[in-house]
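Hi,

Here is the structure I said I would pass on. Have a look at it first, and then read my notes below.

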Amino acid sequence: NPYDEPHENREAWIPKNAKRSKNPEVLYFVGCTASYRQQKIAQDATRVLEAAGVEYDVLGKDEWCCGSPLIRTGQTDIVTDEKDGLVKHNLREFEKRNAQTVVTACAGCFMTLKHNYPIYAGKLDFQLFHLTQFIDKLITDKRLILKRPLPRKVAFHDPCHIGRHHGIFEEPRRILKAFPQSTFLELPHNRYDSQCCGAGGGYKIQFNDRSEYIASLRVKEALGVGAEMLVSSCPFCVTNLTAGAKVADVKMDVAELVSLVADSASA
């Protein structure tokens, strides 16, 4: 993992009462950031699946990094090695579990699985959804009911990897509008014109101060439209926008969309 954390801690986030299935409808690919840094996102993702009655499982310690940070910084040998590479390992684990549907809440993992894995290993043998796509479908199919209103006036920040890279724009907006008594505010820069949070492409690793400054501009943009909360659907975005609010020295709550859904559906 890119955080150099002990691998045995990868599944430390899993709640003791998690309702994992031996015959899952979906396999939830957690990703490194939610496993080690933003564990609430991982826990809230499983809460959403449980609230909708979705049979799910996770790879746990058998999950390795998807390879996104290495690919974005040109270190593809570790990712593509035919024997011990990250791509081969993760695909083997999917195959062992006969995964038919894979979901991930991480925009970086989604980009890597959707775009890069087919380049390195051929067509995927499973359906892949970003969790916003899957939640949108659960709401449409009336398997998931949102009960609690949004806690603040919210603006949505489009993550680059699921936004302009894959056109997942309307799903998160439909989810936000599905909350009872929701107040959704659109940012001036949105969809294909959205601004990066500053954390992508390995930029935060090399230029953290500049990365957080870029995030502070996005926070100020949300403040300018009257938003009280900036929401995204990527753990990297949530992490960096939170730092951006501190740099801007403004009061702006930053939330992951899946967490808001979990709180509302579990009310």
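Let me begin with a loop residue. At 67% relative accessibility, Lys 142 counts as exposed, because the cut-off for that label is over 50%. Before you read too much into any of this, keep in mind that we are looking at a predicted model. Lys 142 sits in the loop between helix H7 (131-140) and S5. Its backbone is worth a click too: phi of Lys 142 is near 60 degrees, a positive value in a residue that isn't glycine.

Asp 4 has a similar story to tell. Phi of Asp 4 is near 55 degrees, again positive and again in a residue other than glycine. You'll find Asp 4 in the segment before S1, and with 71% relative accessibility it counts as exposed. Glu 8 belongs to the segment before strand S1 (26-28) as well. Is Glu 8 buried or exposed? Its relative accessible area is 52%, so Glu 8 is exposed. If you want a distance to try out in the viewer, take Glu 8 and Gln 127: they are 119 residues apart along the chain, and their C-alpha atoms are separated by 28 Å.

Now to the sheets.

One open sheet has four strands in the order S2-S1-S3-S4, and the pairing is parallel. Strand S2 (56-58) and S4 are at the edges with a single partner strand each, so one side of each has no neighbour in the sheet. On average, neighbouring strands here are turned by 30 degrees against each other, ignoring direction.

Inside that sheet, S1 and S3 run parallel and are joined by two bridges. To see how they line up, find Leu 27, which stands opposite Val 102 in S3, and Tyr 28, which stands opposite Val 103 in S3. On to the next pair: S3 and strand S4 (residues 127-130) are also paired in the parallel sense, over four bridges. Here Thr 101 is opposite Gln 127 in S4, which is the Gln 127 of the 28 Å distance to Glu 8.

What about the two faces of strand S3 (residues 101-104)? Both are covered: Thr 101 and Val 103 lie on one side, Val 102 and Thr 104 on the other, and all of them are buried. As background, side chains in a regular strand alternate between the two faces of the sheet.

H7 comes back at this point. It lies across S1, S3 and S4, and runs at about 90 degrees to S4.

There is another open sheet, with four strands in the order S6-S5-S7-S8 and parallel pairing. Which strands stand at its edges? They are strand S6 (184-185) and strand S8 (253-256); each has a single partner strand, so one side of each is left without a neighbour in the sheet. Strand S5 (residues 154-156) pairs with S6 in the parallel sense over two bridges, and Val 154 has Phe 184 as its bridge partner in S6. Helix H8 (residues 170-178) packs on this sheet, where it touches S5 and S6, and its direction makes about 165 degrees with that of S5.

Finally, two helix pairs.

H7 and H8 have axes that come within 9 Å and cross at roughly 45 degrees. That makes H7 oblique to H8, and the crossing is left-handed. On the H7 side, the contact is made by Thr 132, Gln 133, Ile 135, Asp 136 and Ile 139, and on the H8 side by Glu 171, Pro 172, Arg 174, Ile 175 and Ala 178. Sorted by class, the contact of H7 with H8 has five nonpolar, two polar and three charged residues.

The other pair is helix H2 (residues 39-51) with helix H12 (residues 257-265), which pack at an angle of about 45 degrees with their axes 8 Å apart. H2 and H12 are therefore oblique to each other, and their crossing is left-handed. Residues of H2 in the contact include Ile 41, Ala 45 and Val 48, while those of H12 include Val 258, Val 261 and Ala 262. Taken as a whole, the residues of the contact of H2 with H12 divide into eight nonpolar, one polar and four charged.

Happy browsing!

Terms used. Residues numbered from 1 in each chain as written. Predicted model: local features only at pLDDT ≥ 70, side-chain atom pairs only at ≥ 80, totals over all residues. Heavy atoms only, no water. Pairing = 2+ DSSP bridges. Contact = heavy atoms within 4.5 Å. Axes fitted to C-alpha atoms, helices over the stretch in contact; angles between N-to-C directions. Parallel < 35°, antiparallel > 145°, perpendicular 65-115°, else oblique. Left-handed = near helix turned anticlockwise from the far one by under 90°. Nonpolar A, V, L, I, M, F, W, Y, C, P; charged D, E, K, R; others polar. Buried < 20%, exposed > 50% of the residue type's maximum accessible area, 1.4 Å probe, protein only.
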